[in-house]
Amino acid sequence: MRAMLFILTATLVGACGGAPDGVESSVELGAVPASLVERVRAPRYTQHARNVIVFVGDGMGISTITAGRIYDGQQRGVDGESNVLAFERLPHTALIKTYNTNQQVPDSAGTATAMFTGHKTRAGVISVGPQADRKDCAAALEHRLTTVWERAERQGLATGIVTTTRLTHATPATLYAHSPERNWEDDKHLPAEAKALGCRDIADQLLSRPEGDGAEVMLGGGLRNFLPREVDGRRRDGRDLLEEWSSGAPDRQIVRTAEELRTAAMQGQLLGLFANSHLPYELDRTADTTAPTLRQMTEAALDRLEDADNGYFLMVEGGRIDHGHHDGVAGKALAEVVAFGEAVDATLARVDLAETLVLVTADHSHVFTMGGYPTRNNPILGLVVHNDGAGHAHPMPAVDADGTPYTTLGYLNGPGAGFSGPRPMPGTGPQSFQQALVSTFYTTSSGEKALTETHAGEDVALFAGGPWAHLASGVMEQNLIHDLIVFAYGWSLEEQ
């Protein structure tokens, strides 16, 4: 019923949408305020999409977008508040509800599963239905969910995955893997009983897929999950998955640096593994950094996909936005937002929205906020400076009830709350912890407590342009992103 209702809605909207090259309007443009003319002229494409690109800013909630926009502008020496990130120029937007079936505040595995399979599910599971408990291999094997990537492979489309995290991390894994546990990235933590039942680790699933011929391009981190312990990997089964993959078909290439990516041959499948774990934060890059940027990886992927005979599907994840927030360091997260925006900008400069659906969204938000009445143009990472009674900036920062200055940005919980006694003077550098209220933590494998900030449960934004992008409107369940992709391609929602 959900799928049928979505198709009916799309048909009705399309009937009002006019010709494929844009919407005809009876409104005289001379009567439209100049500030709205661009919106009135925004085309509504109602033909099938040849290509689909999904950008996922992991953890990029709306407060993160706002702060990232200001940070980007201030870094470039322009007005931050009125600055516009590349994806904010896309003509259609919606709010996305992110809850998992068993959690008010979600995790990336459950939310990405919703986006790429059309079904909400439990937190912590990878493209299996909510009927399966976490870590329950037998139930997971019975309740596999078909992903849009798998359908693209079966339809003969070229496919690509780009991420700044490990390629086996939760968000990219939901495209190609099926697992009741997101942490089964290699066989180190895969229980023997699960392996005996037929469950496979996520790295193994990436490089030995039954659908189509596999992805044309896979770029990210996670090298350790593909190699045995004997050669500095983490695998305990002794397998070298890279050797198995490269010898499985002709013209397969493995690259490990930005330079190798730049000079790689254009033919054949390409696997880029640029770090043992995640790629470095943007703020940690130096002249000696060999890993490519998100923009470089995205452009390399498009170089290999854009001439595909049957079109393509590409997912690009800015995954370290999320990690910067978990660290409680807003500067890290915001620098990742800027890099994410640059990748979107480079993409929009080269694709034709008449044939390519571009979606930009987040899987979930974080307990990240900005407030305190700072004056206009106040440094976004800085201390709050109030305006005086006449509306002009005070010469000194504002203070709390105990006389201590505070920053514009902060967290409800996380490492920034790890202090005793009176609240200390907050740092304002790009690598500083932001102030927080509650010392939340996770327990490490050695049993120690490690402070970490948590996700948040409010809606996130979806920005869209291209065929049927105008269906991104209002408040939508997260699994409808999948339905929008499938409908834009012209595939049946009833066939999985």
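Here is a short walk through a sheet, a histidine and two cavities in this predicted model.

Let's start with the sheet. Three strands make it up, running in the order β10-β11-β12, and the sheet is open with mixed pairing. The two edge positions belong to β10 (368-370) and β12 (436-438); each has a single partner strand, so one side of each is left without a neighbour in the sheet. Going from one strand to the next, the twist averages 20°.

Now zoom in on β10. This strand is antiparallel to β11 (residues 409-413), and 3 bridges join them. If you want a pair to look for, try F368, which sits opposite Y411 in β11. Helix α3 (residues 62-75) packs on the sheet, where it touches β10 and β11. The direction of α3 makes about 50° with that of β10.

Next stop: H326, which you'll find in helix α13 (residues 320-326). A polar atom of the H326 side chain lies 2.6 Å from the backbone oxygen of E453. Leaving aside residues up to four places away in sequence, H326 touches H366, P415, T452, E453, T454 and H455.

Finally, the empty spaces. Searching the whole structure turns up 2 cavities of 30 Å³ or more. The largest holds about 40 Å³ of space, and its lining includes T164, L279, R320 and E336. By class, that lining splits into 4 nonpolar, 1 polar and 4 charged residues. The second largest cavity holds about 30 Å³. Around it you'll see V128, A140, L141, R144, H178, S179 and C199, which come to 4 nonpolar, 2 polar and 1 charged.

Note on methods: Residues are numbered from 1 along each chain as its sequence is written. This is a predicted model: local features need pLDDT of at least 70, side-chain atom pairs count only at pLDDT 80 or more; totals for chains, interfaces and linings use all residues. Side-chain values use heavy atoms; hydrogens and water are left out. Two strands pair if DSSP finds at least two bridges between them. Helices (H or I, at least four residues) and strands (E, at least two) are DSSP runs, numbered from the N terminus. Axes are lines fitted to C-alpha atoms, for helices over the stretch in contact, and angles run from 0 to 180 degrees between N-to-C directions. Contact means heavy atoms within 4.5 Å. A polar contact is a pair of N or O atoms within 3.5 Å; within protein, one must be able to donate a hydrogen and the other to accept it, and residues adjacent in sequence count only if both atoms are side-chain atoms. On a 1 Å grid over the protein atoms alone, a cavity is a set of points where a 1.4 Å probe fits but cannot get out, and a pocket is an open set with protein on both sides within 12 Å along at least five of seven lines; lining residues have an atom within 4 Å of a point. Grid points are joined across faces, edges and corners, and a volume is the space filled by probe spheres set on the points. Ala, Val, Leu, Ile, Met, Phe, Trp, Tyr, Cys and Pro count as nonpolar, Asp, Glu, Lys and Arg as charged, and the others, Gly among them, as polar.
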